[in-house]
Amino acid sequence: MKMEPTPVSRPQNIMQAYRIANRQAAAADNYDDKIRAFDKVINFCSHTASCRLEPSLKRNVLLYWAYDKVGQAYRDKQEPEAAIEYFQKGLSYARNNREKEKMLSRLAEVLEESGEVIRGLETSLEAANFSSEPLVQRCHRILDVCRQLENLYQAGNKRQDYLRIKNLTEKTGEVLAKALNLVN
């Protein structure tokens, strides 16, 4: 007796759409199948009035995850333009600073990997704004990025950008010195 394949039902809500996508992506053999799976979640929401017009915490979480998964698949597939697009869109669904920092960090890495070093470093600075790491560590992180940007801006004769970053370096150094004095 031959078994009939189970018909794929249309998801009734975004949670069902995400569960289906997660199963499909887990069974996928390639990046394109993973991308298609999670793109279905994004498309479900954009084509379903109840999802599109009624933002909820659950909807935002699932869309954040879907954009992140698609962005990562495009990154792994070596398609940085698409990865950048999905990470940028996913940012709008971040619920808290941790999620913003995570998405901005992913975006910064892809930008740098794709040759947009300055834009990537600037995005790294933005990610540091949302960091929950201790102040001293965050200051060191910002100073490291600022020094790299200073060198790039100076080499590229971008005087205004150089002065802006130089000022940020000085202010961050002052904050670091005060933080270190409080620790000692």
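A residue counts as buried here when its relative accessible area is under 20%. Keep that cut-off in mind as you go through the views of this predicted model.

**View 1. Cys-146 is a buried cysteine without a disulfide partner.** Let's begin with Cys-146, whose relative accessible area is 0%, so this residue is buried. Which cysteine has the sulfur closest to that of Cys-146? The closest is in Cys-139, but the gap is 10 Å, too far for a bond. For comparison, a disulfide here requires two cysteine sulfur atoms within 2.5 Å.

**View 2. Cys-139 is buried as well.** Moving on to Cys-139, we find a relative accessibility of 4%, which places this residue in the buried class. Seen from its sulfur, the closest cysteine sulfur belongs to Cys-146, and the 10 Å between them is too far for a bond.

**View 3. Cys-45 and Cys-51 form a disulfide.** A disulfide is a covalent bond between the sulfur atoms of two cysteines. In this model the count is one, and the bond links Cys-45 with Cys-51 at an S to S distance of 2.0 Å. Is the disulfide left-handed or right-handed? The torsion about the S-S bond of Cys-45 and Cys-51 is about -95 degrees, so the disulfide is left-handed. If you are wondering about solvent exposure, Cys-45 and Cys-51 are both buried.

**View 4. The protein chain is built from helices, with zero strands.** Stepping back to the backbone, you can count nine helices in the protein chain. Following the sequence, the pattern reads α-α-α-α-α-α-α-α-α. Why is the protein chain described as more spread out than a compact globule? Its radius of gyration is 21 Å, well over the 16 Å that the globule rule gives for 184 residues, so the chain is more spread out than such a globule. The C-alpha trace spans about 75 × 35 × 30 Å along its principal axes.

**View 5. Contacts and burial across the protein chain.** Of the 184 residues in the protein chain, 37% are buried. Take the contacts between residues at least 6 apart in sequence: 53% of them join residues at least 24 apart.

**View 6. Surface and charge of the protein chain.** The accessible surface is about 11500 Å², and carbon and sulfur atoms account for 50% of that area. How many positive and negative side chains does the protein chain carry? There are 29 positive and 25 negative side chains, and the centres of these two sets are 6 Å apart.

Definitions and conventions. Residues numbered from 1 in each chain as written. Predicted model: local features only at pLDDT ≥ 70, side-chain atom pairs only at ≥ 80, totals over all residues. Heavy atoms only, no water. Helix = DSSP H or I, 4+ residues; strand = E, 2+ residues; numbered from the N terminus. Rg over C-alpha atoms; globule rule 2.2 N^0.38 Å. Buried < 20%, exposed > 50% of the residue type's maximum accessible area, 1.4 Å probe, protein only. Contact = heavy atoms within 4.5 Å. Areas by Shrake-Rupley, 256 points an atom, 1.4 Å probe, with all protein chains shown as cover. Lys, Arg positive; Asp, Glu negative; His and termini not counted. Charge placed at Lys NZ, Arg CZ, Asp CG, Glu CD.
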